[in-house]
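Biologist: Take me through this chain. I want the criteria behind each label.

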Amino acid sequence: MAAENENPKTEDQTNTKNPNPNNEEEELEEGEIVGDDESSKKSTAVIQQPHPLEHSWTFWFDNPHAKSKQAIWGSSMHSIHTFATVEDFWGLYNNIHHPSKLAVGADFYCFKHKIEPKWEDPVCANGGKWTVIFPKGKSDTCWLYTLLAMIGEQFDHGDEICGAVVNVRTKQEKIALWTKNASNEAAQLSIGKQWKELLDYNETIGFIFHEDAKRDRSAKNRYTT
């Protein structure tokens, strides 16, 4: 006679499956949170809200291939896109060429919306610019830091800021920060010092009045820091 199993399985041991697989109170997955769908949707909506900037900004591009000696200055310049949120900025920045990838002769601008990057613009007319200079292909990081400082309102005299431009040339790249009221020496010096600190730029930089630049292409600096 075959021996009987000395350790018969108990009912609990043999019935390992969920006795009620259709039970609405199913076991939660690890990390799952109990809650109604509506609450989850609301939470997700809050997380995905865009982050508005204090001002809207516009990218402009002056195509070197469209320039000619006979053309009026600025005639080859055109606006690319206006952005008003942090998300829009990064969406644009990550999909456009950085200065090191631009053609020689290109000018790339970022100005407050409705301010054109021209001396003739009413907001810029009485202003001026600070300029920093880099070897060819070395301005990418400082261009990004300049953009972030402007759109992030990191300057004490942020209302003075019109915008910035990077000029790509054969042997060097220049970034210029345009401001509104050149005669406001205290504000301009504050902006220049803060900009240098943000860029960790150790060379002396100069500020030129637009009025001086119109009369003389070799205009001298009015302020330095």
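Biologist: What makes residues of H5 count as buried, and which are they?

Modeller: Buried means under 20% relative accessible area, with exposed over 50% and partly exposed in between (1.4 Å probe, protein chains only). In H5, Ala-187, Gln-188, Ser-190, Ile-191, Gly-192, Gln-194, Trp-195, Lys-196 and Leu-199 are buried. This is a predicted model: local features need pLDDT of at least 70, side-chain atom pairs count only at pLDDT 80 or more, and totals for chains, interfaces and linings use all residues. Residues are numbered from 1 along each chain as its sequence is written, and side-chain values use heavy atoms, leaving out hydrogens and water.

Biologist: Why is H5 called a helix, and what is its span?

Modeller: Helices are DSSP runs of H or I with at least four residues; strands are runs of E with at least two; both are numbered from the N terminus. H5 covers residues 185–199 and has 15 residues, so it qualifies as a helix. The expected span is 1.5 Å times one less than the number of residues. H5 reaches 21 Å from first C-alpha to last, close to the 21 Å expected. Asp-200 follows H5, with a positive phi near 55 degrees.

Biologist: What covers the buried residues of H5?

Modeller: The cover includes H4 and strands S4, S5, S6, S7 and S8. H5 lies across those five strands, S4 to S8, at about 20 degrees to S4. Axes are lines fitted to C-alpha atoms, for helices over the stretch in contact; angles run from 0 to 180 degrees between N-to-C directions.

Biologist: How do you know that S4 and S6 pair?

Modeller: Pairing needs at least two DSSP bridges between two strands. S4 and S6 have 8 bridges, so they pair. They run antiparallel. One bridge partner of this kind in S6 is Trp-178, opposite Lys-129.

Biologist: What makes S2 and S8 edge strands?

Modeller: Each pairs on one side only. The open sheet of 8 strands runs S2-S1-S3-S5-S6-S4-S7-S8, with antiparallel pairing.

Biologist: What makes a nonpolar core, and which residues have the most contacts inside the largest?

Modeller: A nonpolar core is a set of buried Ala, Val, Leu, Ile, Met, Phe, Trp, Tyr and Cys residues joined through side-chain atoms within 4.5 Å. The largest has 38 residues; Phe-83, Met-150 and Trp-195 have the most contacts inside it. H4 (residues 140–151) gives the largest share, 7 residues.

Biologist: What does Met-150 touch?

Modeller: Contact means heavy atoms within 4.5 Å. Beyond neighbours within four places in sequence, Met-150 contacts residues including Trp-57, Cys-110 and Leu-177.
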